[in-house]
Amino acid sequence: MPSFRRRPSAWCGLGLLLSTFGAHAADATALAPVVVTATRTPQPVTAVLADLRVIDAETIERAGALSLAELLQVHGGVEISTTGGPGQVSGQFLRGANTNHVLLLVDGVRVNSATTGTNAFEHLPLAQIERIEILRGPGSSLYGADAIGGVIQVFTKQGPRTQASLGAGRWGLREASLGLGRSVGATRLSLQAAAQRSRGFSATNDAASPFVFNPDDDAYRNTSLGLGAEHDVAAGHTLALRLTTARGTTDFDSGPGSDDVNRQRVGQLALESRNRISAGWRSLLRLARGTDHLDTTGAFPGFFDTDQDQATWQNDLDLFGGTLSAGLEGRREKVESSTAYTRSSRRQWGVFGGWNGQLGPQLIEASLRHDHDSQFGGHGSGRLGWGWRFTPQWRVSAAAGTAFKAPSFNDLYYPESFGFSGNPDLKPERSRSAELAARYDGAAGRAGLVLFENRIRDLIAVDPSFTTVINVNRARIRGLTLDGAWRSGPWRLRGEWTQQLPLDEASERLLVRRARQHGSAALDHDAGAWRTGAELVASGARFGTVANTEASRMGGYVLLNLTAGWSFTPEWTLSARLNNAFDKRYEIAQGYNTPRRNLFVSLAYSAL
C-alpha cells in the first residue's frame, strides 16, 4: 500500500483533526441521503462501499460565484486544472488519474467530446444543478469506457419549487437564474434558465509561450436552459423527458495578434420509461443524445461537433437480500469537423451485471461488464468489494477493480498534418486498482480513511519521432485520503486531505499538474436568519512538464474563502462571498492566471 518519499505537509493536520469524533454515536443509516452512482441502484450513502462524495443542494446554493470546477475542488476533494478565468478549459483529477480518465454524466447521459475525449465542466452552470455524486476509483464495470479515475454525475433540478436569483461581482460578473416547478395531477413540469456574463481577466501571463500570451481581458458569456416533464402513466409506471443545454462563449489567448473565441454548446436530451414490473422488479429504458459542439474563430479557426446517441435498458431485482442489476447499453459516436477525420463514427455495445447487498454484518458489491467497440473490439472490466460492519457505526472494507479508457477520435483518426497523424492501431488504456477503507457514520458526524493504489498501463503518448501517438506509458498512483464531518447545533465542520504519489512509472517523476498533497476544509455557522462560513483550499507543489524541471515547478498554495447570508424573510436571502480573501497569487496551470481576491453578492428567492 502507499509509501511516501516526503513527510506529509503540516496541512495534513486538517484531515487528521477531522478524522476523529466524540460520543453521541447512533446508526444514521435511516437518515442518510440516497445515492445511485456507486452501484447504478438507489442505496443509502452509509451502505456504499465505494469511495463516494455527495455535494447536496444546500452546499450548491451556498456556493455563490464558484464555478463547477471550483465547487468540486472545495467540496468534492478533487484536484482541478484550469487555463485561466471564467469559461476557460478546465479538468478534474480523481485520485491522480488524468483529466480524461473521468467520466462525466448529466442525469445518466454522456456529454463528452469524442474528438478530444475531455469534458466541458466549465460550461455547466451551478444554477441548473441539484446534486452531484463523485465516485472515486474504477467505474468501468458499471459505466464502460473512460472511468479509470472515477465518475462525476450531475443531477439537474427537477423539484416543485420557484427559484430566482440575481448576482454581481468583480470583473463585471453578472448572473441571473429562474427556476419553476409545478405538478398538475399526475404530471410534473420544470423549467430552469440561467445567464452569466463577465469581462474576465487575461487567461495567460508572460510565463506562457510567446505564441500564446496575450495580455487582453478574456470575456465569458453563458446561457443555459433546462426543461423536464414527468407523467405517471399508471401506478409504478412513469415517462420522463429531459432537456439541458448550455452555451458558452469564451475569449481565449492564442497569440498577441489575434482575437480568439470559442463558442461551445453542451447538453443532453433524454426520454425515459421507468417501470415497476412487480414488487421486486424495476426497469429503466432510456433513449438519449449527448452533444458537445465547439466552433473556434481566430488564429486557428475550425469546428468540432460530437453527437452521442445512447440507449440503456436496466433491470433491478430484489434477490438474496440485496439488489441484482443487469442491463444493456449501446452508443453511437458521430463527429463532424472542419478537420477531415479518417473515420467519423463508431459504435459501442455493453452488457453489465452486478449485485450489492448485506448478509448479516457483511456488505458485498460485485459488478462485471463487457464492452465491444467497432474500432478496437471487446474489453471486459469488473469490481469486487467487501465490507464488515462490526458495530452499527463502524465498518471496514476492501475492494479491487479494473477499468479502461477508449482512445479518442483525435488519437485514432486525426489526419496527417505537418507530419503528425492519429494511430488507428491504438489499444485502450487499462488500469487495475485496489483500496482499503475504514469508515464511521454516526448521528453527530462521519469520518473515513481510504488507502488506494491504481496502476495504469498502455497510456497514450506521442511517440519519440513526434509523428503519431502510441501505447507506451505506465503510471502508478498510491495514496490515502482522510475525510470527516461533524455537526453540533448551529455548527458544521468538514474536511478532507489526500496524500498521494502520482508517478510516471518509467521516470519516477510526478505526473503533470498533480500534487503530492491537497485538501480542503469548511466551517459553517447558522444563527437564526444569519449564516456564516469559512473555507480553506490547500495544495502542494506541482510541475507543468513531464520532466519535472525546476523551471516548471508551481508552488503550493492555501486559499481562504468567506461566506455570509441573511434570510430576511423565509423566501428571500441576501448572500455575499469573498473568494481568495488574502489575494493569493498561485498557479494551477503554468502560464495561466487564476482569480485574485473577488467579492460576489447575490439576492435569491425560493419557495414551494
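This briefing covers strand pairing, a nonpolar surface patch, aromatic contacts and backbone features in the structure above. The model is a predicted one, and the points below are grouped by topic. A search of the whole structure finds 11 aromatic pairs, and eight residues' worth of detail on the surface is given by a nonpolar patch that includes Leu241, Trp313 and Val351.

**Strand pairing around strand 33**

- Strand 33, which spans residues 598–607, pairs with strand 10 (residues 162–169) in the antiparallel sense, and eight bridges join the two.
- Within this pairing, leucine 166 has leucine 603 of strand 33 as its bridge partner.
- Strand 33 also pairs with strand 32 (residues 572–579), again in the antiparallel sense and over eight bridges.
- Here the bridge partner of serine 575 is serine 602, which belongs to strand 33.
- In a regular strand, side chains alternate between the two faces of the sheet.

**Nonpolar surface patch**

- Leu241, Leu269, Leu271, Leu285, Leu287, Trp313, Leu328 and Val351 together form a nonpolar patch on the surface, and their combined accessible area is about 720 Å².
- The elements contributing two or more residues to this patch are strand 15 (260–278) and strand 16 (281–297).
- Leucine 271 is located in strand 15, and because its relative accessibility is 44%, leucine 271 counts as partly exposed.

**Aromatic pairs and cluster**

- Among the 11 aromatic pairs found in the whole structure is that of tyrosine 341 and phenylalanine 409, whose ring centres are 6.5 Å apart and whose planes stand at 90°, so the pair is edge-to-face.
- Tyrosine 341 lies in the loop between strand 18 (322–337) and strand 19 (345–359), whereas phenylalanine 409 lies in helix 5 (residues 409–413), so the pair ties together parts that are 68 residues apart in sequence.
- Both rings belong to buried residues: tyrosine 341 counts as buried at 11% relative accessibility, and phenylalanine 409 is buried with a relative accessible area of 0%.
- A further pair joins tryptophan 388 and phenylalanine 390, with ring centres 5.3 Å apart and planes at 50°, so this pair is tilted.
- Tryptophan 388 counts as partly exposed at 38% relative accessibility, and phenylalanine 390 is likewise partly exposed, with a relative accessible area of 38%.
- Tyr341 and Phe409 also belong, with Tyr413 and Tyr414, to one aromatic cluster.

**Arginines over aromatic rings**

- Arginine 40 lies over the face of phenylalanine 352, at 4.2 Å from the ring centre.
- Arginine 131 is placed over the face of phenylalanine 155, at 4.1 Å from the ring centre.

**Positive phi outside glycine**

- Arginine 40, found in the loop between strand 1 (34–35) and strand 2 (43–44), has a positive phi of about 70° although it is not a glycine.
- Because its relative accessibility is 11%, arginine 40 counts as buried.
- Phenylalanine 320 lies in the loop between strand 17 (302–319) and strand 18, and its phi is near 55°, a positive value in a residue other than glycine.
- Phenylalanine 320 counts as exposed, because its relative accessibility is 68%.

How values were computed:
Residues are numbered from 1 along each chain as its sequence is written. This is a predicted model: local features need pLDDT of at least 70, side-chain atom pairs count only at pLDDT 80 or more; totals for chains, interfaces and linings use all residues. Side-chain values use heavy atoms; hydrogens and water are left out. Patches are made of residues with over 30% relative accessible area and no salt bridge: like charges are joined within 9 Å, nonpolar side chains (Val, Leu, Ile, Met, Phe, Trp, Tyr) within 5 Å. Accessible areas come from the Shrake-Rupley method with a 1.4 Å probe; for residues, only the protein chains shown count as cover. A salt bridge is a side-chain nitrogen of Lys or Arg within 4 Å of a carboxyl oxygen of Asp or Glu. Helices (H or I, at least four residues) and strands (E, at least two) are DSSP runs, numbered from the N terminus. Buried means under 20% relative accessible area, exposed over 50%, partly exposed in between (1.4 Å probe, protein chains only). Two strands pair if DSSP finds at least two bridges between them. Rings of Phe, Tyr and Trp (its six-membered ring) pair if their centres lie within 6.5 Å; planes under 30 degrees apart count as stacked, over 60 as edge-to-face and the rest as tilted. A charge sits over a ring if NZ of Lys or CZ of Arg is within 6 Å of the ring centre and within 35 degrees of the ring normal.
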